[in-house]
Amino acid sequence: MQQSVLSAIPGRIAMQPAERGATAPGRRAAPDWTVIAPAIVTLAVMLWGITAPAYWADEMDTVSAESRSLPQLVQLLGHVDAVHGLYYLLMWPVVQAAGPGELATRLPSAVAMAAAAAGIAVIGRRLASRRAGLCAGLVFAAMPVISEQAHNARPYAMVTAVAVAASWLLVRMADDTRWRWSAAYGGMLAVLGYLELDALLLVGAHALALRQLAQTDDPQTRRGTTQRWATAAFVAVLAVAPLVAFGWAQRGQISWIRPPGWADADAMLASLGGGPLALAVAVWALAAVGCVTALASARDRRGAGGWRLARLALPWLAIPPTAMLAVSQAMPVYNFRYVLFCVPALALLAGLGLAALGRVWRAGAAILILALAVPPQLTTRVPGTGMRQAASFLAAAERPGDAIVYPGTDIPPWYLAYPAGFARLDNIGMARSPAASGRLYGVSVPLALLKQREQHARRIWVVEMESWQDPARYLSSGFRLRHAWQLDHGRLRIWLYQREPSAAPAGSAAYPRDQASGDTPRRMNGPLKGEESVSSSALNVIKASGLAVR
């Protein structure tokens, strides 16, 4: 087995980095398609169906943060989400220029994943071979978990790209004694920390990998490399210290996280492998082949055959997730999105294993990975339901003068994410908008004032998502439930309440159409005379969307 694996490794993997990157004097270096191809393929895969999923709750927080002035955004970070401040500041001009649509807010994540794929290919080429880099970049592109986060208007794709860049700079710093690489590495670590504090666990992985990355046997040179790394890492952590203080003060934001168990560890291993269990098993198997290849080549010649790649990737893959799971037993902070930046490490090992196989076995493994990845890739691109479906339904069913009520003390920013369905309804419960309050959510008026405002409404829509309260508690007397719908597998509910004819206050604006026509409205056990309680266009939306009605 060892002989067959070694025989499949291209002879160029034994070349030193300087030899692989050498170009004849006076000649322009040709584009390296083993780096460009993974980036192009990844970008194409990430752009495919990028607007299909509807916004989820955290993405709507992004929209809320960006839908305000820059001073108001800075004010927001003083109250909440300081740990995402750099991401919000980077996204703010994008949303201001292109609007809060799914394409504009998710495109930076897709581009970041393409950049990460290019970086993976560069690292694989430098530490193993061009073929290993190409295979690693393409394995990364095939992973459904990468598409999920590329279709997510949150910072995790950027964190992944910056983690790859920092790892590549670590390799350059280990090979080159000039301080410019150390300075660039320290700066990249600082950016990484400001995008996601948890990602600084990568520093521990780099500390373990550094000694094996350095190719010199000179003790003085090794000490110099270690000192430069320690200085760069210390300065980066020091630069991020203010954010640590803000994050600690706002730690209540993650109070929803619970201590992880064995099931979470199993799910993490599957997600690191791409998502679905069958695909994860295949990817982990290729990574095991990559480790065997690296070990076998290390016995033959230290540094050849991907041994340095394995020594970089293994700590990167193991230390941050393990540390986060361990810490979370005492102070829960683990969520897989926070360790997404470790997926490139497994892609590097899987790419090394794929490149080490013979041509027939490599083709078969590539086809297997593709066959296992395509179905979940298609699933992630099913047109979204949830809030987008609710907005489409409301846009078809609402009438002029309709009001909307959000039970609870906060007004969610759904009207900013999907204005066509929500913004046209009279938000009678709003006391202060998210921008004015310096929060992600708006502030509700007191219940007594809300019921007073309801006296001027004829129909009231009540919308809730995963936070069930009795909507009748937020309605004044005289309103009766006409319809209720459940969307997104019961995670979102819509109620339509309509005022009883006898409850309309004298001189109010209730029933303007009936007063104008002289018709007398009927009781609420049926539609009002001359009109349907829900329009035919809205009923078509119900039928097309498969909304549950009760």
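1. Start with the contacts. Take those between residues at least 6 apart in sequence: 75% of them join residues at least 24 apart. The model is predicted, so read every point below with that in mind.

2. Next, the overall make-up. The protein has 25 helices and nine strands. It has 550 residues, and 53% of them count as buried. About 23900 Å² is exposed. Carbon and sulfur atoms supply 62% of that area.

3. Now the interior. The largest nonpolar core holds 109 residues. Phe 140, Ile 146, Leu 312, Trp 316 and Phe 336 have the most contacts inside this core. Which helix gives the most to the core? Helix α10, residues 156–175, does, with 14 residues.

4. Look closely at Phe 336. Set aside residues up to four places away in sequence, and Phe 336 touches Val 145, Met 268, Ser 271, Leu 272 and Val 343. There is also a second, separate core, of 28 residues. Phe 393, Ile 404, Phe 422 and Ile 494 are included in this second core.

5. Thr 42 is a good residue to find on screen. Thr 42 lies in helix α3, residues 33–47. Is Thr 42 buried or exposed? Its relative accessibility is 0%, so Thr 42 counts as buried. Apart from neighbours within four places in sequence, Thr 42 is in contact with Met 113, Ala 114, Ala 117, Gly 137 and Ala 141.

6. Helix α18 deserves its own point. It covers residues 359–379, which is 21 residues. From first C-alpha to last, α18 reaches 31 Å. That is close to the 30 Å expected at 1.5 Å a residue. Where does α18 bend? The bend is at Ala 373, by about 30 degrees. A proline, Pro 375, follows within four residues. Ala 373 is also one of the buried residues of α18. The others are Arg 362, Ala 365, Ile 369, Pro 376 and Gln 377.

7. Turn to the strands. Strands of a sheet pair through backbone hydrogen bonds, either parallel or antiparallel. One open sheet here has three strands in the order β2-β5-β4, with antiparallel pairing. Why do β2 (410–411) and β4 (430–432) each have a side without a neighbour in the sheet? Both stand at the edges with a single partner strand, so one side of each is left without a neighbour.

8. Check the pairing of β2 in detail. β2 pairs with strand β5, residues 442–444, over two bridges in the antiparallel sense. Ile 411 has Gly 442 in β5 as its bridge partner.

9. Then follow strand β8, residues 492–499. β8 is mostly covered, with seven of its eight residues buried. Strand β6, residues 459–465, runs antiparallel to β8, and seven bridges join the two. Arg 459 has Gln 498 in β8 as its bridge partner.

10. β8 also pairs with strand β7, residues 479–487. How many bridges join β7 to β8? There are eight, and these strands run antiparallel. Ala 484 stands opposite Trp 495 in β8. β7 and β8 form a hairpin, with four residues between them. In the turn, Asp 488 has a positive phi of about 50 degrees.

Methods:
Residues are numbered from 1 along each chain as its sequence is written. This is a predicted model: local features need pLDDT of at least 70, side-chain atom pairs count only at pLDDT 80 or more; totals for chains, interfaces and linings use all residues. Side-chain values use heavy atoms; hydrogens and water are left out. Buried means under 20% relative accessible area, exposed over 50%, partly exposed in between (1.4 Å probe, protein chains only). Contact means heavy atoms within 4.5 Å. Accessible areas come from the Shrake-Rupley method with a 1.4 Å probe; for residues, only the protein chains shown count as cover. A nonpolar core is a set of buried Ala, Val, Leu, Ile, Met, Phe, Trp, Tyr and Cys residues joined through side-chain atoms within 4.5 Å. The expected span of a helix is 1.5 Å times one less than its number of residues. The bend at a residue is the angle between axes fitted to the seven residues ending there and the seven starting there. Two strands pair if DSSP finds at least two bridges between them.
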